[in-house]
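This report introduces a structure to a reader who has not met it before. The sequence and the model are shown first.

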Amino acid sequence: MLLALREFWDYHCECLMLQARSDTSSSSSSCQIAPEIMPEFLAPLENHTVIQGREVSFTCVVNHLQSYRVAWIKSDSRAILAIHTHLVAHNPRLSVTHNGHNTWKLHVSNVQKNDSGTYMCQVNTEPMLSQMGYMTVVIPPDIMDETSEGLVAHEGGNIKLRCVATGSPEPNVTWKREDGHKIVLRENGQKKLLEKYEGEQLELTGVLRQEMGTYLCIASNGIPPTVSKRYAVNVQCEKLLPNDKYSMSEAPINHYSWEMNLTIRSLDKGDFVGYVCSSENALGKAEGAVRLQVSATAAPRRWTAAGAAAARTAISAWAAARARAISSSSSIATTTSRDRRALLKRAIRPSACYIYKMITRKVHMVVCMEPVRG
């Protein structure tokens, strides 16, 4: 008996030959027709979230494939990527593999943002069988290398810092000060102190010298690593030069400590501001700030020349004694109310403000008294 085999029929024919019994030389045949077992997927196509630059694979498991074929298609573009083990797409980052049984894989290397989308594993039955999986490509944050303008301003001026970050999902941008101090924002005469500020642009208005330093732009989107960029903010302030109003002096305390003095004469309203003492050597730079404020005590009495000289002598002696005590102690010393009372008992108010700053051991000594008024 002759069996006709057709590769794409939906039915198979199994024929049985029946041999006649001993008195019969003829033969007969019987053919049984059974439904074809159609292909079926054994597992759903997985979804993937992958970081840009990594590799990912989709796995399609099909049983009873028989003479049918498996194809890979990118659904959003309707592009056929591969059929069976033959790569159709001209993309060197794509490849397909088959384990020789029921498992097909689509591999994507060096994943890029435009690889995001829906991928389909399809079998060419009638009707067509297919299942889909989705790939989401995420990108760690990155800060565009832009030069921020206006990083230098005069004291009381404005500075705008701009930090543009890219990534997927969109990164959050946060500003902080590198030294741990709070960010000062001024708006409508109000001042706010913030540990951090969120937004691509940070605007500093009425900036003061105490607010200069390094500001950090930090970008994060949940995809490691978090990145940051440093912005140096400089405030140009008036440098004091020796003249009839200001005089500066310094004196050694020991082989590694110096005392620096600033004397301000004929005080007026504009002198009651902040002052910065700066010291620098080959190993670095250090600064200290002090603010001169108006005393709330009663109006000063008028002095004689002898009284003013006595006050200056008392201040110098007191400062020298404090410095000697400091050089043998690791504690931080400050002026006390008892010191001030004793000083005022010995002399009447001088017409100057003496500001002493010890660079070593971070010791600050300030004596400030009202000027003589005619």
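The account below covers the nonpolar cores, a surface patch, two buried basic residues and a set of salt bridges. The model is predicted.

**Nonpolar cores and a surface patch**

The largest nonpolar core holds 24 residues, and within it Trp72 and Met135 touch the most other members. Seen by element, at least two residues of this core come from each of the strands E5 (56-63), E6 (70-74), E7 (79-83), E9 (94-98), E10 (103-108), E11 (117-123) and E12 (129-143). Strand E5 gives the largest share, 4 residues. Another core lies apart from this one; it has 19 residues, among them Ile159, Ala165, Leu185 and Tyr215.

Nonpolar side chains also appear on the surface, where Ile80, Ile83 and Val88 form a patch with about 220 Å² of accessible area together. Valine 88 belongs to the loop between strand E8 (86-87) and E9. Its relative accessible area of 34% makes valine 88 partly exposed, because partly exposed residues fall between the limits of 20% and 50%.

**Lysine 74**

Lysine 74 is part of strand E6. With a relative accessibility of 12%, lysine 74 counts as buried, since the limit for a buried residue is under 20%. The side chain of lysine 74 makes a polar contact of 3.0 Å with the side chain of aspartate 76. Neighbours within four places in sequence aside, lysine 74 is in contact with Ala79, Leu81, Asn114, Asp115, Ser116, Gly117, Thr118 and Tyr119.

**Arginine 177**

Arginine 177 is located in strand E16 (residues 172-177). Is this residue, arginine 177, buried or exposed? Arginine 177 is buried, as its relative accessible area is 7%. Polar atoms of its side chain face two backbone oxygens: that of lysine 182 lies 3.5 Å away, and that of glutamine 210 is reached at 3.4 Å. Residues up to four places away in sequence are not counted in the following list: arginine 177 touches Lys182, Ile183, Gln210, Glu211, Met212, Thr214 and Tyr215. Tyr215 is also one of the residues in the core of 19 residues.

**Salt bridges**

How many salt bridges does the structure hold? There are 8 salt bridges in the structure, and the table presents some of them, including one made by arginine 177.

| Basic residue | Acidic residue | Closest N and O atoms |
|---|---|---|
| Arginine 177 | Aspartate 179 | 3.2 Å |
| Arginine 230 | Glutamate 178 | 3.0 Å |
| Arginine 186 | Glutamate 211 | 2.4 Å |

In the first row, arginine 177 is buried at 7% relative accessibility, whereas aspartate 179 is partly exposed at 42%.

The pair of arginine 230 and glutamate 178 forms a salt bridge. This pair links distant parts of the chain, 52 residues apart: arginine 230 sits in strand E22 (residues 227-236), and glutamate 178 in the loop between E16 and strand E17 (183-187). Arginine 230 is exposed, with a relative accessible area of 52%, while glutamate 178 is partly exposed at 41% relative accessibility.

Arginine 186 pairs with glutamate 211 in a salt bridge. Arginine 186 is in strand E17 and glutamate 211 in the loop between strand E20 (201-204) and strand E21 (213-220), so this pair ties together parts 25 residues apart in sequence. At 26% relative accessibility arginine 186 is partly exposed, but glutamate 211, at 5%, is buried. Glutamate 211 is also among the residues that arginine 177 touches.

How values were computed. Residues numbered from 1 in each chain as written. Predicted model: local features only at pLDDT ≥ 70, side-chain atom pairs only at ≥ 80, totals over all residues. Heavy atoms only, no water. Buried < 20%, exposed > 50% of the residue type's maximum accessible area, 1.4 Å probe, protein only. Polar contact = N/O pair within 3.5 Å; in protein donor to acceptor, adjacent residues only side chain to side chain. Contact = heavy atoms within 4.5 Å. Core = buried A, V, L, I, M, F, W, Y, C linked by side-chain atoms within 4.5 Å. Patch = residues over 30% accessible without salt bridge, like charges linked within 9 Å, V, L, I, M, F, W, Y side chains within 5 Å. Areas by Shrake-Rupley, 256 points an atom, 1.4 Å probe, with all protein chains shown as cover. Salt bridge = Lys/Arg side-chain N within 4 Å of Asp/Glu carboxyl O.
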